[in-house]
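Grab your viewer and work through a few short exercises. Try each one yourself before reading the solution.

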Amino acid sequence: MSRITVVAEKEVRQLFKSRNVMLSALIFVVVFGIFTIPAALGGMGEAGNAMDTLGFYLVLTLGIFMGYLFTAQVFLREKQSGVIETLLCTPLSLRELWSGKVAGVTIPATLLTYFSAALITGTATIFTGETLLPSLPVLFHIIIVVPAFIAATSGLIGFTQFMLGMRENQILNFGIIFGIIFLITFVRELAGPGFSVTWGVVAATGGLALLIILATTWLTRFLSRERIMVTLRE
């Protein structure tokens with residue numbers, strides 16, 4: 001078993017033991033998965049296209065928010081509690097520590113996102129009275145691209161939480177996550193109701209996620225134990 005896997009398993013177990021965090025995430029998913037669907041379908045025209053739009057944008061937004069919520073627990077929590085000091089004394093490299101934590105965030109966030117996708121599909125089917133399923137590009141987007149985007153945003157936020165002090169983290173991480181969500185919403189509005197999700201759109205979205213992951217992985221070379229220790233007092 002690799003050291004990255006050990007870190008990931010530890011983070012997943014701790015997240016599932018954090019009942020308040022998991023309950024908050026579940027409530028958020030249920031509210032958006034049920035109560036926003038009737039209004040959203042009513043303003044999107046044809047039901048099939050509306051389902052694809054919801055599957056592409058809403059599921060992605062929910063996944064990113066889940067990643068943001070869990071990242072605060074996995075990265076920032078350990079800096080606040082001082083646990084990170086113990087981890088820095090282990091044989092783990094900083095890249096292994098970062099990678100394991102990102103995987104530990106991505107796994108439960110992805111599971112909740114899959115649940116939200118099923119909830120959205122079921123609610124839309126009940127609301128319209130017809131069976132609504134996402135198209136193949138959107139299904140691929142939900143299963144593969146959304147988890148990649150969760151890992152990308154979680155990795156970027158986790159990197160900044162390692163690099164920056166407590167006060168800077170709270171401001172910057174809020175800006176990163178809601179900046180990304182605002183960008184998704186802006187693109188959705190710019191595309192208009194006639195926008196259709198194609199394989200090209202899904203590939204571009206997946207490419208962006210991969211680019212963020214590669215860029216952040218490269219940036220981890222600038223992490224240092226000394227820098228992280230300094231941020232604990234900032």
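The exercises below go from the overall fold to the core, a charged network and the surface.

**Exercise 1. Get your bearings: which secondary structure elements does the protein have, and which of them has the lowest mean pLDDT?**

Solution. Start with the source: this is a predicted model. Next, go through the elements: there are ten helices and zero strands. Then colour by confidence. The average pLDDT is 85, and 85% of the residues score at least 70. Helix α3 (residues 37–42) sits at the bottom with a mean of 65, while helix α9 (residues 199–219) has the highest, 94. Where pLDDT is low, don't read the predicted coordinates in detail.

**Exercise 2. Find the largest nonpolar core and say which helix gives it the largest share.**

Solution. First, the background: 48% of the 234 residues are buried. The largest nonpolar core has 59 residues, and I64, M66, F70, I84, L97, I120 and F162 touch the most other members. Now trace where the core comes from. Helices giving two or more residues include α1 (3–17), α2 (19–35), α4 (47–81) and α8 (166–191). The largest share, 15 residues, comes from α4.

**Exercise 3. Trace the salt bridges around E11 and K101: is E11 buried or exposed?**

Solution. Begin with E11 and K10, whose closest N and O atoms are 2.9 Å apart in a salt bridge. K10 is partly exposed at 22% relative accessible area, but E11 is buried, because its relative accessibility is 0% and the cut-off for buried is under 20%.

Step two: E11 also forms a salt bridge with K101, at 2.8 Å between the closest N and O atoms. That pair links helix α1 to helix α6, across 90 residues of chain. K101 is buried as well.

Step three: K101 meets E78 in another salt bridge, 2.4 Å from N to O. Since E78 lies in helix α4 and K101 in helix α6, this pair ties together parts 23 residues apart in sequence. Both E78 and K101 are buried.

Put it together: shared partners join K10, E11, R77, E78 and K101 into one network. The whole structure holds seven salt bridges.

**Exercise 4. Head to the surface: which helix gives the most to the nonpolar patch?**

Solution. Select the patch, about 970 Å² made by F16, I107, L111, Y114, L136, L139, F140, I143, I144 and W199. Helices α6 (94–128) and α7 (136–163) each supply at least two residues. The winner is α7, with five. As a check, take I143, found in α7: its relative accessible area is 42%, so it counts as partly exposed.

Terms used: Residues numbered from 1 in each chain as written. Predicted model: local features only at pLDDT ≥ 70, side-chain atom pairs only at ≥ 80, totals over all residues. Heavy atoms only, no water. Patch = residues over 30% accessible without salt bridge, like charges linked within 9 Å, V, L, I, M, F, W, Y side chains within 5 Å. Areas by Shrake-Rupley, 256 points an atom, 1.4 Å probe, with all protein chains shown as cover. Salt bridge = Lys/Arg side-chain N within 4 Å of Asp/Glu carboxyl O. Helix = DSSP H or I, 4+ residues; strand = E, 2+ residues; numbered from the N terminus. Buried < 20%, exposed > 50% of the residue type's maximum accessible area, 1.4 Å probe, protein only. pLDDT = per-residue confidence, 0-100. Core = buried A, V, L, I, M, F, W, Y, C linked by side-chain atoms within 4.5 Å.
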